[in-house]
Amino acid sequence: MRLPVILVQNSPANGSAVAEALVASLIGHPGLDLTLVDRFDSLAPDSTDRMTLAGITVPAAVLDWRTPEELFTTLQGIEFQGYRCAHQLDPDPGPPDSAHRRRLFLFDLNDHRDAKQIVAELDRIRDSLSVKTVSLGGLAPPKPAPQNAGVEKAAPNHPPANTVSSVSNSKTKHPPITLNQDPTDDTLNELLDQLDDLDV
């Protein structure tokens with residue numbers, strides 16, 4: 001999220017250095033959008049500054065040379081609606097004094113003259129407003145497993161594996177051979193035939 005930062009230009013003589021340091025620090029600062037305006041109570045309803053302010057509808061930081069209480073009253077007078085929200089340089093704004101839901105972070109530049117401190121607080125506010133989200137739209141649901149998953153089908157024309165003894169018993173074409181006798185040529189031939197039948 002980007003944070004609009006509205007800086008009132010008409011600084012007092014002893015505040016010009018602060019104003020210049022703020023402008024130099026905020027122009028092009030990542031995540032902070034600087035807007036320079038004239039004094040709020042001097043803006044005509046049809047002025048460019050009023051139209052610019054009307055286009056800001058999100059939480060905003062307002063830097064002016066008056067107390068937060070006076071600044072808030074002035075902003076309500078020009079219909080820049082919101083409620084005064086606490087931050088480290090304005091820690092006790094009191095209860096919300098507006099029904100509007102937009103948060104306004106008000107800075108009194110008479111009390112705070114350190115541009116680096118102000119920019120650091122603006123960064124902290126912007127970070128606190130940022131909501132980290134994770135999109136789940138790209139995740140597809142898992143595909144269901146096939147009903148016969150894990151069941152291995154036997155390939156056609158391939159009989160199930162059998163032990164040597166079962167094959168020899170079920171497909172015996174020759175009489176059993178007993179090896180406690182002296183083998184003859186016929187016996188060896190029968191043994192070789194049986195081994196051929198077993199595809200060994």
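These legends walk through several close-up views of a predicted model of one protein.

**View 1. The whole protein, read from start to end.** Welcome to the overview! The protein has 6 helices and 5 strands. Following the sequence, you meet them in the pattern β-α-β-α-β-α-β-β-α-α-α. Of its 200 residues, 32% count as buried. Residues 24 or more positions apart make up 64% of the contacts with a separation of 6 or more.

**View 2. The sheet and its five strands.** In what order do the strands of the open sheet stand? The order is β2-β1-β3-β5-β4, and the pairing is parallel. At the edges stand β2 (32-37) and β4, each with a single partner strand, so one side of each has no neighbour in the sheet. Notice that the order in the sheet, β2-β1-β3-β5-β4, is not simply the numbering of the strands.

**View 3. Strands β1 and β2, with helix α1 between them in the chain.** Strand β1 covers residues 3-8 and pairs with β2 in the parallel sense over 6 bridges. To find your place, look for Val 5, which stands opposite Leu 34 in β2. On the way from β1 to β2 the chain passes through helix α1 (residues 16-26), and this β-α-β crossover is right-handed.

**View 4. The two sides of helix α1.** Which residues of α1 are buried? They are Val 18, Ala 19, Leu 22 and Leu 26. These residues lie on the same side of α1, because they cover an arc of only 100° around the axis. A helix rule helps here: an α-helix has 3.6 residues a turn, so residues three or four places apart point the same way. The buried residues of α1 pack against β1, β2, β3 and α4 (115-129). Turn to the other side of α1 and you find Ala 17, Glu 20 and Ala 24, which are exposed. After α1 comes Gly 28, whose phi is positive, near 75°.

**View 5. Strand β3, covered on both faces.** How many residues of β3 are buried? The count is 5 of the 5, so β3 is largely enclosed by the rest of the structure. In a regular strand the side chains alternate between the two faces of the sheet. You can follow this by eye in β3: Ala 60, Val 62 and Asp 64 are on one side, Ala 61 and Leu 63 are on the other, and all are buried.

**View 6. The partners of β3.** Two strands flank β3 in the sheet order, β1 and β5. With β1, strand β3 runs parallel and is joined by 3 bridges. Leu 63 in β3 is the bridge partner of Leu 7. With β5, strand β3 pairs in the parallel sense over 5 bridges. Two places to check are Ala 61, which stands opposite Phe 105 in β5, and Asp 64, which stands opposite Asp 108 in β5.

**View 7. A closer look at Asp 64.** Is Asp 64 buried or exposed? Asp 64, found in strand β3, has a relative accessible area of 3%. That value makes Asp 64 buried, because buried means under 20% relative accessible area. The side chains of Asp 64 and Arg 66 are joined by a polar contact of 2.9 Å. If you leave aside neighbours within four places in sequence, Asp 64 is in contact with Val 8, Phe 40, Leu 71, Phe 107, Asp 108 and Leu 109.

**View 8. Helix α3 lying across the sheet strands.** Helix α3 lies across β3, β4 and β5 and runs at about 130° to β5. In α3 (residues 68-77), the buried residues are Pro 68, Leu 71, Phe 72, Thr 74 and Leu 75. Why do they fall on the same side of α3? They cover an arc of only 165° around the axis, which puts them together there. Their cover includes β3 (60-64), β4 (83-84) and β5 (103-108). One link to the previous view is Leu 71, which is in contact with Asp 64. On the other side of α3, look for Thr 73 and Gly 77, which are exposed. After α3 comes Glu 79, whose phi is positive, near 65°.

Methods. Residues are numbered from 1 along each chain as its sequence is written. This is a predicted model: local features need pLDDT of at least 70, side-chain atom pairs count only at pLDDT 80 or more; totals for chains, interfaces and linings use all residues. Side-chain values use heavy atoms; hydrogens and water are left out. Buried means under 20% relative accessible area, exposed over 50%, partly exposed in between (1.4 Å probe, protein chains only). Helices (H or I, at least four residues) and strands (E, at least two) are DSSP runs, numbered from the N terminus. The arc is that of the directions from the helix axis to the C-beta atoms. Contact means heavy atoms within 4.5 Å. A polar contact is a pair of N or O atoms within 3.5 Å; within protein, one must be able to donate a hydrogen and the other to accept it, and residues adjacent in sequence count only if both atoms are side-chain atoms. Two strands pair if DSSP finds at least two bridges between them. Axes are lines fitted to C-alpha atoms, for helices over the stretch in contact, and angles run from 0 to 180 degrees between N-to-C directions. A crossover is right-handed if, with the strands pointing away from the viewer, the path from the first strand over the helix to the second runs clockwise.
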